[in-house]
Amino acid sequence: MTKSMGIAAIAVLLSSLGASWTHAQQAGAAGPAPAAIKPPPPPELLFRMTTQNDTRKLLAIDSITTPNVDLQLYGDGKNIVVAVGKGDYLPRLFFGLCDRPCGFTLRDKNNFFDLRGKANIKFTTIVSGFHRVRPLIKLADGTLLIGDQAEGSVADWHPYEVSMSEVRWLHLDPARGVTLGQWVENPDLSKVDEVGYFDVIPGSGVHVDGVPVEKLPAPPVGGWIAVSSFELWGKAVSR
């Protein structure tokens, strides 16, 4: 009886050792555990657009106080107005007097923008009608792209954040402000030359012969965007 129990115990021990050896062999064949995926670094503030002027005027580089940037206007961007005053959302950019789709970009004189990973734009806006704020970028090779992400509330001013990794892009005609072609797959966002925003619908304002745009009355409800703050977050890449 005792001899039988001893034989059984030895058999169990040998079976356990065999299972352990087989498991170790399988683990070795599978290789080492994969390294943890390193998350992308948090984005840095690349610019915060600021404007300053004493009177209502057209958007131009002399009304922008953001240091070390160039301004580029697209579509009917020459009719974007800088509205001034002392309210909570002033000064602000107003697109309601654009005869055609319009927008603009800023370009850092020393750096490209790396907009991969968690890069984003942040802005505060109120809109009217079907108008919305859309991201606009120009790549290092000169390609001008407009994004499908469109934000804005007709009820009140609201802050928004658009992650570049979630945006789909179309080519934009720089003069007419219309989209062209098919979706652009995997554009190179590692070196972006310019970043701004665009409205694809003309404003509802009416121009009057002989009256400068900046002196025209505010257009009727239904056709404009107004933006009081605009920031770009990502990584700077030397030119």
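These exercises work through side-chain contacts in a predicted model.

**Exercise 1. Find the disulfide and describe its geometry and burial.**

Step 1. Count the disulfides: the total is 1.
Step 2. Identify the partners. Cys98 and Cys102 are joined, with 2.2 Å between their sulfur atoms. The cut-off is 2.5 Å, so the pair qualifies.
Step 3. Read the handedness. The Cys98–Cys102 link is right-handed, with 90° about the S-S bond.
Step 4. Check burial. Cys98 has a relative accessible area of 1%, so Cys98 is buried. Cys102 is also buried, at 1%.

**Exercise 2. Classify the ring pair of Phe47 and Phe230, and place both residues in the chain.**

Step 1. The whole structure holds 9 aromatic pairs. In one of them, Phe47 and Phe230 lie 5.8 Å centre to centre, with 55° between the planes; this pair is tilted.
Step 2. Phe47 belongs to strand β1 (residues 44-49) and Phe230 to strand β15 (residues 223-238). They are 183 residues apart, so the pair links distant parts of the chain.
Step 3. Phe47 is buried at 5% relative accessible area. Phe230 is buried at 2%.

**Exercise 3. Classify the ring pair of Phe104 and Tyr197.**

Step 1. The ring centres of Phe104 and Tyr197 are 4.8 Å apart and the planes meet at 75°, so the pair is edge-to-face.
Step 2. Phe104 lies in strand β6 (residues 102-108), Tyr197 in strand β14 (residues 192-199), 93 residues apart.
Step 3. Phe104 and Tyr197 are both buried.
Step 4. One aromatic cluster comprises Phe47, Phe95, Phe104, Phe113, Tyr197 and Phe230.

**Exercise 4. Which ring does the charged end of Lys122 sit over?**

Step 1. The ring is that of Trp233, its centre 4.4 Å from the charged end of Lys122.

Definitions and conventions:
Residues numbered from 1 in each chain as written. Predicted model: local features only at pLDDT ≥ 70, side-chain atom pairs only at ≥ 80, totals over all residues. Heavy atoms only, no water. Buried < 20%, exposed > 50% of the residue type's maximum accessible area, 1.4 Å probe, protein only. Phe/Tyr/Trp six-rings, centres within 6.5 Å; stacked < 30°, edge-to-face > 60°. Helix = DSSP H or I, 4+ residues; strand = E, 2+ residues; numbered from the N terminus. Lys NZ or Arg CZ within 6 Å of the ring centre and 35° of its normal.
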